[in-house]
Amino acid sequence: MFWSALPGAIALGLIWGIMAIGVYITYKVLDFADLTVDGSICTGGAVCAVLMAAGVNAWLAILVAMLAGALAGLVTGIFHTLMGIPAILSGILTQLILWSVNLKIMGQANTAVDTRGQYVIISATSMENTAWSILILVGFIAVIVGLLYWFFGTEMGCGIRATGNNPNMSRAQGINVNLNKIIGLMLSNALVALAGALLVQYQGFADINMGRGAIVIGLAAVIIGEAIVTRISRNFAVQLLGVVLGGIIYYIVYQFVIWLNIDTEYLKMLAAIVVAIFLAVPYLKEKYFSKIKWKRRKKAGPAADGEGLAGGDGDGK
């Protein structure tokens, strides 16, 4: 059962990996703790589901969903930059607003998408469709990573990275810090909404609660990916691919927990524990493993120094 469910876990991991790229932009690049994503992923899904139910083409529905996500990021940016509200509170306020907006968009708690009678880009209706969905999602991610790699190499992209790295220095250099924050938030939430639209097409429905806990999954994917690829390369494109890999690993672990036939009432708790473990790994690694290495070096230090001195005396003679 686990192996048969693995393709579906990979597909979901790729979808949430796109969302995690959006989280990476705010969390790592912009240094902005944005909680808007819990609402904007649902906004993207709700917009896509309603438009497709009305007969709109799937590609156009995705585009409009991304625009809706960008608007959500704009609201958060306005709250933070123009109204002086702290980053976390700005995201929470927008998230609360989006709850009502999402309900108004769908008109109900959930909206179905006819994945059999209507054209969808990705679908989980069969194993063959799931395999094609994985290939299509890989293509989506390749395009997204390529475009982001190009964008963050431009003058505007470098300005956004500088803003996240040191806003005071960026401001002193004449960079419009507030504008860069707004652009970064809009870009991030547009990608999150894209993930929501793809998720709706894949699973066949949009639900008002589909974004609950999205920020936790996104952060877990970022941390997992960073832990894996940092030793390989610090290239920006590689880091983004690592984030996607983190999303896949998270969902494979999640599927493994389900495969263990644990009571479904404990799934949320176990998911939180899994995320907590992944988030704690960098801290535990730095705190305990670095101490072990330091103690080993301390023990080996005098001997090594003695050998070096002995060798030096021999050369001198």
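**View 1. Glycine 218 is tucked away, with 0% relative accessible area****.** That value makes glycine 218 a buried residue. Keep in mind that this is a predicted model. Glycine 218 belongs to helix α9, which covers residues 214-229. Skip its neighbours within four places in sequence, and glycine 218 is in contact with Met19, Ala20 and Val23. Now find glycine 39: its C-alpha is 13 Å from that of glycine 218, although the two are 179 residues apart in sequence.

**View 2. Threonine 94 sits in helix α4****.** Helix α4 takes in residues 87-106. Is threonine 94 buried or exposed? Its relative accessibility is 2%, so threonine 94 counts as buried. Who does threonine 94 touch, if residues up to four places away in sequence don't count? The list is Thr36, Ala72, Val75, Thr76 and Phe79.

**View 3. Helix α5 has the length you'd expect****.** Here's a quick check you can follow with a ruler tool. Helix α5 has 25 residues, 127-151, and at 1.5 Å a residue it should span 36 Å. The end C-alpha atoms are 36 Å apart, which agrees. Plenty of residue names to look for here: the buried residues of α5 are Thr130, Ser133, Ile134, Leu137, Phe140, Ile141, Ile144, Val145, Leu148 and Phe151.

**View 4. UniProt marks residues 131-152 and 182-204 as transmembrane regions****.** These come from an unreviewed UniProt entry, which also gives the feature to residues 6-25, 82-101, 210-229, 236-260 and 266-284. In the model, residues 131-152 are 95% helix and 0% strand, with end C-alpha atoms 32 Å apart. Residues 182-204 come out as 96% helix and 0% strand, and there the end C-alpha atoms lie 32 Å apart.

**View 5. Tyrosine 250 and tyrosine 254 form a stacked aromatic pair****.** The structure holds 9 aromatic pairs, and in this one the rings are 6.3 Å centre to centre, with 15° between the planes. Both tyrosines lie in helix α10 (residues 236-259), 4 residues apart, or about one turn of the helix. Tyrosine 250 counts as buried because its relative accessibility is 5%. Tyrosine 254, at 24%, counts as partly exposed. Zoom out a little and you'll find a cluster linked by ring pairs: Trp16, Tyr250, Tyr251 and Tyr254.

**View 6. Arginine 161 lies over the face of phenylalanine 236****.** Here arginine 161 is 5.1 Å from the ring centre of phenylalanine 236.

**View 7. Cysteine 48 has no disulfide partner****.** How many disulfides does the structure hold? The count is 0. Why doesn't cysteine 48 bond with cysteine 42? The sulfur of cysteine 42 is the closest cysteine sulfur to that of cysteine 48, but they are 12 Å apart, too far for a bond. Cysteine 48 is buried, with a relative accessible area of 0%. Cysteine 158, on the other hand, counts as partly exposed, at 40% relative accessibility.

**View 8. Aspartate 31 has a positive phi****.** What is the phi of aspartate 31? It's near 55°, a positive value in a residue other than glycine. Look for aspartate 31 in the loop between α1 (2-29) and α2 (37-53). Aspartate 31 has 57% relative accessibility, so it counts as exposed.

Key
Residues numbered from 1 in each chain as written. Predicted model: local features only at pLDDT ≥ 70, side-chain atom pairs only at ≥ 80, totals over all residues. Heavy atoms only, no water. UniProt positions renumbered as here; feature names shortened; annotations may be inferred. Helix = DSSP H or I, 4+ residues; strand = E, 2+ residues; numbered from the N terminus. Expected span 1.5 Å × (residues − 1). Buried < 20%, exposed > 50% of the residue type's maximum accessible area, 1.4 Å probe, protein only. Disulfide = S-S within 2.5 Å. Phe/Tyr/Trp six-rings, centres within 6.5 Å; stacked < 30°, edge-to-face > 60°. Lys NZ or Arg CZ within 6 Å of the ring centre and 35° of its normal. Contact = heavy atoms within 4.5 Å.
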